[in-house]
2 protein chains.
Amino acid sequence: MPVNIPETGKKRIVIIGGGFAGLTLARKLARSNYQIVLVDKNNFHQFQPLFYQVAMAGLEPSSIAFPFRKIFQRHKNVFIRVSEVTEVDTAQKRVITAHGYLNYDYLVVAMGADTNFFGNENIAKHAIPMKSVSEALFLRNEVLEDYETSLTIRDYDERQLYIDIVIVGGGATGVEVAGALAEMKKYVIPHDYPELDEEEIDIYLIQSGDRLLKGMSQKASDAALSCLQNLGVKVVLNKRVTDYDGEYIYMKDGSKILTKKLIWAAGITGNTIKGLPEDSLVRGNRLKVNKYNEVEGLEDVYAIGDIAFMPDEKYEYGHPQVAQVAIQQGQNLSKNFKALDKGKERKAFSYNDKGSMATIGRNQAVVDLPKGFFKGSIAWVLWLIVHLFSIIGVKNKIIVFINWIWNYVTYDQSLRLIIRPFKRDKKED
Amino acid sequence: MPVNIPETGKKRIVIIGGGFAGLTLARKLARSNYQIVLVDKNNFHQFQPLFYQVAMAGLEPSSIAFPFRKIFQRHKNVFIRVSEVTEVDTAQKRVITAHGYLNYDYLVVAMGADTNFFGNENIAKHAIPMKSVSEALFLRNEVLEDYETSLTIRDYDERQLYIDIVIVGGGATGVEVAGALAEMKKYVIPHDYPELDEEEIDIYLIQSGDRLLKGMSQKASDAALSCLQNLGVKVVLNKRVTDYDGEYIYMKDGSKILTKKLIWAAGITGNTIKGLPEDSLVRGNRLKVNKYNEVEGLEDVYAIGDIAFMPDEKYEYGHPQVAQVAIQQGQNLSKNFKALDKGKERKAFSYNDKGSMATIGRNQAVVDLPKGFFKGSIAWVLWLIVHLFSIIGVKNKIIVFINWIWNYVTYDQSLRLIIRPFKRDKKED
């Protein structure tokens, strides 16, 4: 049965995924001559760059997540459907969802990417990913529960299992989580857990390559490394994790580390759907698109954001899978749809790299701008401002700002609640 | 094995439960001549009077929950153990927890009360309780998910299943939830779900007795009734719910209502533990205590708060199970412990009833004070102030205040996020 959406006579664009790419496109087309249907499995947009602060008890999920219906409250032209997309039928121009099928005139795939465990089932089963607010909350609960449990353990080795934490992947997420954990160890643990010797806590950051933040400049990598080392993080470069059984992490060189918590931030892979032709897929499960974000070999099907792979002289492996590219592709595609509607010429996408940044801890961040690199307090404040202004909603901005000021002044992330989900029997039928 | 807690030479008071009663006692004794061990299954205190606002997407759990470790950061004399208490062994003076046993010199049972389904397993299985932040979040998710689902349903009757909501129990929680749902229907649904006809949504409040808020004055009951009716709530008095199969609610008089969501706020029952003698238990699973809150027939075992039943001329069925009684019993018991330590005389508990209040909606509340009853805007502002000042933590106060102002000005509870828990495979082993 078709999903219950009124026919308004306008051509329908179905957007799958309300991340940076899909949401930007939907907002830009909200008042256009198209009917917009945004399908997402969640009822909210999530602000990925701050997941690590949710995991580290610095922010609440609601501060960095925003309900789609609230964003589009005054746009009767945009229809939201909270549903899982199971298949695409490009021949019949249909998207099949858990709630029925949906016809489209144009389809935009903006499903982003998920954690890549590189086919290792053990790691997938035991590691903690960081690609959703739910996963971030799960990590928060695990960290706090394990500190509680460690207090009841008399054996030194067994205690290490609970208090040591290993992060795999030296990109922005890995660096930010490692820095935040190191600060929690330094500023929070001694007060919250006076019975625990914080010197016993080891935080490892493992990176298979020879430097951290490999998407950034060498200066940024060096600064991040020395910052983390100053904070007491054990940074391990040039080592590859090969397996994990929930207790021991095994490395390619034969060494191993004992820990109950392996945070996996080592790579991402495109969220593909059944029905899109295999030969559109390239490295990293991305969909090959032309300069107009049209998926190769298909008609009226577009891909934008992390899932899109657009050949480009400057980017051998495709554009970086970051928010800026997603937003700009959403913007460009919205202009092209408007051009299409008016019979005007479309514009090829061209990425305007405004720079990149990562934060390591209090007063510590690294920023690469087209004009050069800088670090320290000014970089940190710039990081805060850029992220604060990127968060959707005035109230969210205010609440994040209060939390940041509070955490900065008190040296404390205060949202250390272990809220376990309630399960009604019914749900387990 | 004993739980790992240092012997400090002081006599040890073990408090089970960190609700209003247990937390008050622990705080008052934090600098005393006793060693305090607070055992709770959660790592935070929850502010019960505002659960309904969490359920109604007006507040985040973190605004009304506060980590015990943060409260006692500067009190080395207070030890927190996050664990489930499975049994009490009064002969050996031991509490048995999931993490080992714990010896006590004095035991204080402050485990409060949980939802009472009056033995009906069907209702227990299918209804939604409201006695924890987890349950409140569950209700929030259910309400929002069902609105989403209803958009995909073309059949009128089937749609009612998803959008109608029934609340059973006309106490403060029932009245507050009904009022908040009615306001959501009036102010939020038309904007968030323009495709849904809000007139189709029915909100029922069912009360077995002949008036709402039976713990308050007749004037308060009357005012609450007319307020709710003005908001469009279908208040049903003198009807008893006998069964619920997850779709139909069956009433004693043979009538039934179709709904997927039955919110059960019809009664509470004491949280008892194995090991306490059966004959200490009275009506409502409460522990019979003397004027010093000592459990009858036991030595060095006390009970305070909702779980305590203290015979009293003024309160035939025991003191009301509300925050004020719990707090005052915690305070009185702390003084008695200090008196005991100094060889002074103890003081019998006497309840100072400062009044009671309930809120129904915007500018609508009812307040019973010893000096009289009042309602309307002033009552509502008083309700806000009293609750705001009762919340623990300055930052929480600020954030709740901002949320309230925001919601008041925008006619909107904006935290409408359906955040489903992440489950790692490991957890399901």
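Student: How many bridges join β19(B) to strand β20 of chain B?
Tutor: This is a predicted model, in which local features need pLDDT of at least 70 and side-chain atom pairs count only at pLDDT 80 or more, while totals for chains, interfaces and linings use all residues. Residues are numbered from 1 along each chain as its sequence is written, and chains are lettered from A and ligands numbered from 1 in the order in which they are written. Strands (E, at least two residues) and helices (H or I, at least four) are DSSP runs numbered from the N terminus, and two strands pair if DSSP finds at least two bridges between them. β19(B) and β20(B), residues 286-288, run antiparallel, V282(B) stands opposite R286(B), and the number of bridges is two.

Student: Which strands stand at the edges of the sheet in the order β19-β20-β22 of chain B?
Tutor: This open sheet has three strands with mixed pairing. An edge strand has a single partner strand, so one side of it is left without a neighbour in the sheet. Here the edges are β19 (281-282) and β22 (308-309) of chain B.

Student: By how many degrees are neighbouring strands of the sheet β6-β7-β8 of chain A turned against each other on average?
Tutor: This open sheet of three strands has antiparallel pairing, with β6 (85-89) and β8 (100-103) of chain A as its edge strands. Four bridges join β6(A) to β7(A), residues 94-97, and D89(A) has R94(A) as its bridge partner. Axes are lines fitted to C-alpha atoms, for helices over the stretch in contact, and angles run from 0 to 180 degrees between N-to-C directions. With direction ignored, the average turn between neighbouring strands is 20°.

Student: Which residue in the turn of the hairpin of β14(A) and β15(A) has a positive phi?
Tutor: β14 (residues 241-244) and β15 (residues 248-251) of chain A pair in the antiparallel sense over three bridges, and V241(A) has M251(A) as its bridge partner. Three residues lie between the two strands, and the one with a positive phi, of about 95°, is G246(A).

Student: Which helix gives the largest share of the side of domain 1 of chain A that touches domain 2 of chain A?
Tutor: The domain bounds, which come from an automatic or database domain assignment, give domain 1 (11-113 + 269-342) and domain 2 (121-266) of chain A, and their centres, taken over C-alpha atoms, are separated by 32 Å. Ten residues of domain 1 are in contact with 14 residues of domain 2, where contact means that C-beta atoms, placed from the backbone, lie within 7 Å. Four residues on the side of domain 1, the largest share, come from residues 51-55 of chain A, helix α2.

Student: Which element gives the most to the side of chain B that touches chain A?
Tutor: In all, 51 residues of chain B are in contact with 51 residues of chain A. Several elements of chain B supply at least two residues each, among them α8 (172-192) and α12 (394-410). The element that gives the most, with six residues, is α6(B).

Student: Through what turn can chain B be laid on chain A?
Tutor: Copies are superposed by least squares on the C-alpha atoms of residues with pLDDT of at least 70 in both. 100% of the interface residues of chain B are also interface residues in chain A, so the copies meet through the same surface. The RMSD is 0.0 Å, the shift along the axis is 0.0 Å, and the turn is 180°. The two copies are thus related as by a two-fold rotation axis, the turn being 180°.

Terms used:
Two residues are in contact if their C-beta atoms, placed from the backbone, lie within 7 Å.
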